[in-house]
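This report looks at covalent and charged side-chain links in one protein chain, and at how far the residues involved are shielded from solvent. Please view the sequence and the coordinates together while reading.

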Amino acid sequence: QVQLVESGGGLVQAGGSLRLSCVASGRTASRCEMGWFRQAPGQEREFVAAIPWSGDSRYYADSVKDRFTISRDNAKNTVYLQINSLKPADTAVYYCAADGPKSYRAATSYYYQEGYSYWGQGTQVTVSS
């Protein structure tokens with residue numbers, strides 16, 4: 001079992017930056033694949049970014065890849081999402097997600113909610129114009 005706690009959300013003006021954090025706890029927390037999703041009001045939850053436990057790859061949604069950066073610090077069991085040049089369209093609840101280590105994982109699985117077993121409660125990001 002893995003528990004996830006997000007932080008770092010808030011109200012920010014367009015063009016600003018935020019860094020979201022997600023701290024994982026649990027026996028396999030440091031070896032989890034990690035991802036970020038977001039859900040805007042009235043919208044489906046969508047993939048934002050992901051990083052495997054090794055940290056040797058990054059996966060991004062096309063809509064954010066020039067502005068968002070995902071990283072992780074396994075010594076702290078923490079994954080980060082740096083968000084730059086924020087837009088009102090980025091307003092959403094941002095969720096951290098994790099999945100335990102597997103002997104094989106298809107790269108496509110990082111992009112889908114079904115690829116993750118554990119979810120945080122979310123942190124609200126609101127961007128004013």
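Are aspartate 99 and arginine 105 buried or exposed? Both aspartate 99 and arginine 105 are buried, where buried stands for under 20% relative accessible area, exposed for over 50%, and partly exposed for the range in between (1.4 Å probe, protein chains only). The model is a predicted one, in which local features need pLDDT of at least 70 and side-chain atom pairs count only at pLDDT 80 or more, while totals for chains, interfaces and linings use all residues. Residues are numbered from 1 along each chain as its sequence is written, and side-chain values use heavy atoms, with hydrogens and water left out.

**Salt bridges**

Across the whole structure, a search finds 5 salt bridges, each defined as a side-chain nitrogen of Lys or Arg within 4 Å of a carboxyl oxygen of Asp or Glu. Among them are the following pairs.

| Acidic residue | Basic residue | Closest N to O distance |
|---|---|---|
| Aspartate 90 | Arginine 38 | 2.9 Å |
| Aspartate 90 | Arginine 67 | 2.7 Å |
| Aspartate 99 | Arginine 105 | 2.7 Å |

Aspartate 90 forms a salt bridge with arginine 38; because aspartate 90 lies in the loop between β8 (78–83) and β9, and arginine 38 in strand β4 (residues 33–39), this pair ties together parts that are 52 residues apart in sequence. Strands (E, at least two residues) are DSSP runs, numbered from the N terminus. Aspartate 90 is buried, with a relative accessible area of 1%, and arginine 38 also counts as buried, at 7% relative accessibility.

The salt bridge between aspartate 90 and arginine 67 again links distant parts of the chain, with arginine 67 in the loop between β6 (59–60) and β7 (68–73), 23 residues from aspartate 90. Arginine 67 is buried, as is aspartate 90. Through shared partners, salt bridges join Arg38, Glu46, Arg67 and Asp90 into one network.

**Cysteines**

The structure holds 1 disulfide, that is, a pair of cysteine sulfur atoms within 2.5 Å. This disulfide joins cysteine 22 to cysteine 96, with an S to S distance of 2.1 Å. Since cysteine 22 lies in strand β3 (residues 18–25) and cysteine 96 in strand β9 (residues 92–99), the pair ties together parts that are 74 residues apart in sequence. The torsion about the S-S bond is about -80°, so the disulfide is left-handed, and both cysteine 22 and cysteine 96 are buried.

Why does cysteine 32 form no bond with cysteine 96? The sulfur of cysteine 32 is 9.4 Å from the closest cysteine sulfur, in cysteine 96, which is too far for a bond. Cysteine 32 counts as buried, at 0% relative accessibility.

Conventions:
Helix = DSSP H or I, 4+ residues; strand = E, 2+ residues; numbered from the N terminus.
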